[in-house]
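This report introduces one protein chain to a reader who has not met it before. The sequence and the structure are shown first, and the description follows.

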Amino acid sequence: GPCRLSCCNEYSINNIDLSQVEDIDQHGIPAPFYQECFCCGSGKDVLDVKYNNGQYVGIVLSQDEGEKISSLLLNQVEEAQLIDRDL
């Protein structure tokens with residue numbers, strides 16, 4: 001596969017208030033054709049988290065992780081909203 005360099009990585013941390021999440025959508029981005037054919041490149045999964053106020057947060061994951069993370073987040077959103085209602 002392609003050589004991965006540990007330098008030049010970009011990341012950010014953003015805490016998400018799960019009690020304010022309205023919806024989580026998932027879509028996949030395939031690897032570029034040449035990488036997929038010749039270098040065994042992998043695509044990405046993107047989760048779009050929508051807040052009650054209409055704002056979105058995008059989460060980019062490795063291919064095939066989106067469904068697992070999406071279901072984990074949705075379960076935690078339900079629990080957070082139940083706890084928020086009980087208060």
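## Overview

Of the 87 residues in the protein chain, 20% are buried. The model is a predicted one. Two helices and three strands are found in the chain, and their succession along the sequence is β-α-β-β-α.

Contacts across the sequence can also be summarised. When contacts between residues at least 6 apart in sequence are considered, 42% join residues at least 24 apart.

## The sheet and the helix across it

The three strands form an open sheet in the order E1-E2-E3, and their pairing is antiparallel. Strands E1 and E3 occupy the edges; each has a single partner strand, so one side of each lacks a neighbour in the sheet. On average, neighbouring strands of the sheet are turned by 20 degrees against each other, with direction ignored.

Strands E2 and E3 run antiparallel and are joined by seven bridges. Val49 has Val57 of E3 opposite it. Helix H2 lies across E1, E2 and E3, and it runs at about 180 degrees to E1.

## The nonpolar core

In soluble globular proteins, nonpolar side chains tend to be buried together. In this model, the largest nonpolar core consists of nine residues: Val21, Ile24, Leu47, Val49, Tyr51, Val57, Leu61, Leu73 and Val77. Two or more of these residues are given by each of strand E1 (21-29), strand E2 (44-51), strand E3 (56-62) and helix H2 (66-86). The largest share, three residues, is that of E2.

Leu73 is one of the core residues. Apart from its neighbours within four places in sequence, Leu73 is in contact with Leu18, Ile24, Leu47 and Ile59. Among these partners, Ile24 and Leu47 are also members of the core.

## The surroundings of Ser19

Ser19 is located in the segment before E1. Is this residue buried or exposed? Ser19 has a relative accessible area of 14%, and a residue counts as buried under 20%; Ser19 is therefore buried.

Several residues distant in sequence surround this position. With residues up to four places away in sequence not counted, Ser19 touches Asn52, Ala80, Gln81 and Asp84. The C-alpha atoms of Ser19 and Val77 are separated by 6.1 Å, although the two residues are 58 residues apart along the chain. Val77 itself belongs to the largest nonpolar core. In addition, the side chain of Ser19 makes a polar contact of 2.8 Å with the side chain of Asp17.

## The salt bridge

Side chains of opposite charge can pair when their charged atoms come close. The structure holds one salt bridge. Which residue forms a salt bridge with Glu22? The partner is Lys50, and the closest N and O atoms of the pair are 3.6 Å apart. Because Lys50 lies in strand E2 and Glu22 in strand E1, the pair ties together parts that are 28 residues apart in sequence.

Both residues fall in the range between buried and exposed, which extends from 20% to 50% relative accessible area. Lys50, with a relative accessible area of 24%, is therefore partly exposed. Glu22 is likewise partly exposed, with a relative accessible area of 46%.

Conventions. Residues are numbered from 1 along each chain as its sequence is written. This is a predicted model: local features need pLDDT of at least 70, side-chain atom pairs count only at pLDDT 80 or more; totals for chains, interfaces and linings use all residues. Side-chain values use heavy atoms; hydrogens and water are left out. A nonpolar core is a set of buried Ala, Val, Leu, Ile, Met, Phe, Trp, Tyr and Cys residues joined through side-chain atoms within 4.5 Å. Buried means under 20% relative accessible area, exposed over 50%, partly exposed in between (1.4 Å probe, protein chains only). Helices (H or I, at least four residues) and strands (E, at least two) are DSSP runs, numbered from the N terminus. Contact means heavy atoms within 4.5 Å. A polar contact is a pair of N or O atoms within 3.5 Å; within protein, one must be able to donate a hydrogen and the other to accept it, and residues adjacent in sequence count only if both atoms are side-chain atoms. Two strands pair if DSSP finds at least two bridges between them. Axes are lines fitted to C-alpha atoms, for helices over the stretch in contact, and angles run from 0 to 180 degrees between N-to-C directions. A salt bridge is a side-chain nitrogen of Lys or Arg within 4 Å of a carboxyl oxygen of Asp or Glu.
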